[in-house]
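Student: I would like to go through this structure side chain by side chain. Please put it up and I will ask as we go.

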Amino acid sequence: MNAIPMEHGLILAALLFALGLIGVIVRRNILYVLMCIEVMMNATGLAFVTAGSRWGTADGQIMFILILTLAAAEASVGLAIVFQLYRRYHTLDVDAASEMRG
Amino acid sequence: MLIMFYIAGAVALLATVRVITGTSPVHALLNLIVSLLAVALMFFTLGAPFAGILEIIVYAGAIMVLFVFVVMMLNLGPASVEQERRWLHPRVWIGPALLSLVLLAELAYLLPRDALHAAGHTLVDGKQVGIALFGPYLLVVELASMLLLAALVAAYHLGRHDEKE
């Protein structure tokens, strides 16, 4: 197999992570915030797989599988919170839920 | 193989930009699926086919279908697209974008650029991943199962209807 420069893969992962971070900060719709969190975790997985591929070991892919598990758990809980937000406030604006009341 | 990696990376970046600038949730989701598939292709070129297959099946398949399902149940119309367009002023996103770009520049600066290290030279197939996963990483698998159980309980608790309200 042809070799790919590891640093290019890591820079690509950093670019995807920064894009996801911009999305999390900028967007007010909670659906987009969740999507951008998925983008960030995906970028983290890409960094792990790239690093594992540089050493030719399976550890990077195992970390990716764990990130996948985390993403699945986060998505299910986050989407349940989206439902609750929409049911109570009839909006997807995260600022609508800025006050914590018991 | 190298040119495929760069093309997939460019596709992933473009699709992700479309995600964070999109106004229609369904279009953003479809762009996100394109981005995930491009990352899966990068995994294949990096010699990690098992991670690529999992990315397609679990990420682009299961998790994104969950998102599409929620978007369809919420039944967001053209009014939400207009609302998104109003929320996406340049003065809203230019400050956070600059801050994130500063962080990105620092990250890229920290990576050594004079000596590139080769990745993707060996193929790590699913058998090696499975042996490592159920060998030295067995405790982590158990912890992941507990995390999934906790997420199941939390999603059930948060998603149920409160009849009193």
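Student: Is B:Phe5 buried or exposed, and what is its relative accessible area?
Tutor: This is a predicted model, in which local features need pLDDT of at least 70, side-chain atom pairs count only at pLDDT 80 or more, and totals for chains, interfaces and linings use all residues. Residues are numbered from 1 along each chain as its sequence is written, chains are lettered from A and ligands numbered from 1 in the order in which they are written, and side-chain values use heavy atoms, with hydrogens and water left out. Buried means under 20% relative accessible area, exposed over 50%, and partly exposed in between, with a 1.4 Å probe and protein chains only. B:Phe5 is therefore buried, its relative accessible area being 1%.

Student: How many aromatic pairs does a search of the whole structure find?
Tutor: Rings of Phe, Tyr and Trp (its six-membered ring) pair if their centres lie within 6.5 Å; planes under 30 degrees apart count as stacked, over 60 as edge-to-face and the rest as tilted. Over all chains, the number of aromatic pairs is 2.

Student: Which residue forms an aromatic pair with A:Phe64?
Tutor: The pair is edge-to-face, at 5.0 Å centre to centre with 75 degrees between the planes. It crosses between chains, from helix H3 (residues 59-89) of chain A to helix H2 (residues 25-45) of chain B; helices (H or I, at least four residues) and strands (E, at least two) are DSSP runs, numbered from the N terminus. Both A:Phe64 and its partner are buried. The partner is B:Phe43.

Student: Which residue forms an aromatic pair with B:Phe5?
Tutor: This pair is also edge-to-face, with 5.8 Å centre to centre and 70 degrees between the planes. The partner has 33% relative accessibility, so it counts as partly exposed. It is B:Tyr6.

Student: Over which ring does the charged end of A:Arg54 sit?
Tutor: A charge sits over a ring if NZ of Lys or CZ of Arg is within 6 Å of the ring centre and within 35 degrees of the ring normal. A:Arg27 lies over the face of A:Tyr32, at 3.9 Å from the ring centre. For A:Arg54 the distance to the ring centre is 4.1 Å, and the ring belongs to A:Trp55.

Student: Which residue forms a salt bridge with A:Asp93?
Tutor: A salt bridge is a side-chain nitrogen of Lys or Arg within 4 Å of a carboxyl oxygen of Asp or Glu, and the structure holds 1 over all chains. A:Asp93 lies in the segment after H3 of chain A and its partner in the loop between helix H1 (6-26) and helix H2 (30-55), so the pair ties together parts that are 65 residues apart in sequence. A:Asp93 counts as buried at 10% relative accessibility, whereas the partner is partly exposed at 30%. With the closest N and O atoms 2.9 Å apart, the partner is A:Arg28.

Student: What is the area of the nonpolar surface patch that includes B:Val34?
Tutor: Patches are made of residues with over 30% relative accessible area and no salt bridge; like charges are joined within 9 Å, and nonpolar side chains (Val, Leu, Ile, Met, Phe, Trp, Tyr) within 5 Å. B:Val34 is in helix H2 of chain B and is partly exposed, with a relative accessible area of 38%. Helix H1 (2-21), H2 and helix H3 (49-74) of chain B each supply at least two residues of the patch. Its area, by the Shrake-Rupley method with a 1.4 Å probe and only the protein chains shown as cover for residues, is about 980 Å².

Student: Which residues does A:Gln84 touch, not counting those up to four places away in sequence?
Tutor: A:Gln84 is in helix H3 of chain A and counts as buried at 12% relative accessibility. Contact means heavy atoms within 4.5 Å. A:Gln84 touches B:Leu158 and B:Arg160.

Student: And with which residues is B:Ile33 in contact, leaving aside neighbours within four places in sequence?
Tutor: B:Ile33 is found in helix H2 of chain B and counts as buried at 19% relative accessibility. Its contacts are B:Ala60 and B:Met64.
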